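Here are my comments on the structure you sent, set out as numbered points for reading beside the coordinates. They take up charged pairs, enclosed space and one part of the surface.

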Amino acid sequence: MSLEGKTALVTGGSRGIGRAICLRLAVQGALVGINYVSNAGAAEETLAEITAAGGKGFVTGFDVADSDAAQKAIKEITGEHGGVDILVNNAGITRDGLMARMKEADWDAVLDTNLKGAFTCSKAAMRAMIKKRWGRIINITSVIGFLGNGGQVNYGAAKAGLIGFSKSMARELAGRNITVNCIAPGYIVTDMTSELSEDIQEMIKAQIPLGTLGTPEDVAAAASYLASVESGYVTGQTLHVNGGMYMGN
């Protein structure tokens, strides 16, 4: 599944799932843009790993929640590299808390980054895709968008919103040979899950038929397929990467 000649942009690409996706797409031959918002050092580490693996990439710092900054950055990438062929909307934050005590600012922050950010970046990137009549947009949602989770009404709403957003956009762009799909990771070994106590991790594993947490590389493998030419007849779908934790549609 070669991606030679393609330019990819992965938001939140400096670590965790985003870093694994950057590495996987670069190894397949894509020129990969590594987006970050605050940790430039981590983004440079990702770029160094790409280079060590024989791939090519570049670092681009902007906040997807800032519409003007995101549009400006993608316009610059388009000018330098001829457009974004593969967009992975992976950037996400959490501001957990029970709804009864949740601050409106915490609701807004999560929706702005996790949902509005995907809208802003997709709108900016799809212009070049439409001209080329080829593109791949991959939105990273979550098992929480399907199951829900106490203390995460903002996160669950944003991740569920990405699914409807993707289906509608898939219908709009199908005529231009642009596919739009979601990946819904379950519990993945990242900095976020490593903060959970061992007892809580064991409780989570007990809910997973495969009995273990996933890895960022598991998600990257799914992104690799959805970014490829071979996935051209797949659009408006959600690929679940969760060890069997959720088996619905």
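**Notes on the predicted model**

1. R19 has a relative accessibility of 16% and therefore counts as buried, the limit for that class being under 20%. Please keep in mind throughout that this is a predicted model. R19 is a useful place to begin, since the salt bridges that share partners join R19, E45 and E49 into one network.

2. The first pairing of R19 to look at is the one with E45, a salt bridge in which the closest N and O atoms are 3.3 Å apart. E45 lies in helix α2 (residues 40-52) whereas R19 lies in helix α1 (residues 16-27), so this pair ties together parts that are 26 residues apart in sequence. Unlike the buried R19, E45 counts as partly exposed, because its relative accessibility is 47%.

3. R19 also meets the side chain of E49 in a salt bridge, at 3.4 Å from N to O. Here again the partners sit in helix α2 (E49) and helix α1 (R19), and the pair therefore ties together parts that are 30 residues apart in sequence. E49, with a relative accessibility of 35%, counts as partly exposed.

4. The structure holds four salt bridges, and another of them joins K205 to E202, with the closest N and O atoms 3.6 Å apart. Both residues belong to helix α8 (residues 198-206), where they are three residues apart, or about one turn of the helix. K205 is partly exposed at a relative accessible area of 25%, and E202 is likewise partly exposed, at 43%.

5. Turning to enclosed space, how many cavities of 30 Å³ or more does a search of the whole structure find? The search finds one, and about 60 Å³ of space lies in this largest cavity. Its lining is made up of T11, V64, N89, N90, A91, T113, N114, G117, A118, I140, K159 and L162. The elements that give two or more residues to this lining are α4 and α6 (153-173), with α4 giving the most, namely four residues. By class, the lining of the largest cavity divides into five nonpolar residues, six polar residues and one charged residue.

6. Helix α4 should also be examined at the second largest pocket, which has a volume of about 190 Å³. This pocket is lined by Q71, I74, K75, T78, A124, A125, R127, A128, K131 and K132. Two elements, α3 (67-81) and α4 (104-132), give two or more residues to the lining, and α4 gives the most, with six residues. The lining of the second largest pocket has four nonpolar, two polar and four charged residues. In both of these linings, then, α4 is the element that gives the most, at the cavity and at the pocket.

7. Finally, on the surface, M1, Y225 and L239 form a nonpolar patch whose accessible area comes to about 240 Å² together. L239 is placed in strand β7 (residues 238-241). Because its relative accessibility is 34%, L239 counts as partly exposed, and this value also lies over the 30% that is required of a residue in a patch.

Conventions: Residues numbered from 1 in each chain as written. Predicted model: local features only at pLDDT ≥ 70, side-chain atom pairs only at ≥ 80, totals over all residues. Heavy atoms only, no water. Patch = residues over 30% accessible without salt bridge, like charges linked within 9 Å, V, L, I, M, F, W, Y side chains within 5 Å. Areas by Shrake-Rupley, 256 points an atom, 1.4 Å probe, with all protein chains shown as cover. Buried < 20%, exposed > 50% of the residue type's maximum accessible area, 1.4 Å probe, protein only. 1 Å grid on protein atoms, 1.4 Å probe; cavity = no way out; pocket = protein on both sides within 12 Å on 5 of 7 lines; lining within 4 Å. Points joined across faces, edges and corners; volume = space filled by probe spheres on them. Nonpolar A, V, L, I, M, F, W, Y, C, P; charged D, E, K, R; others polar.
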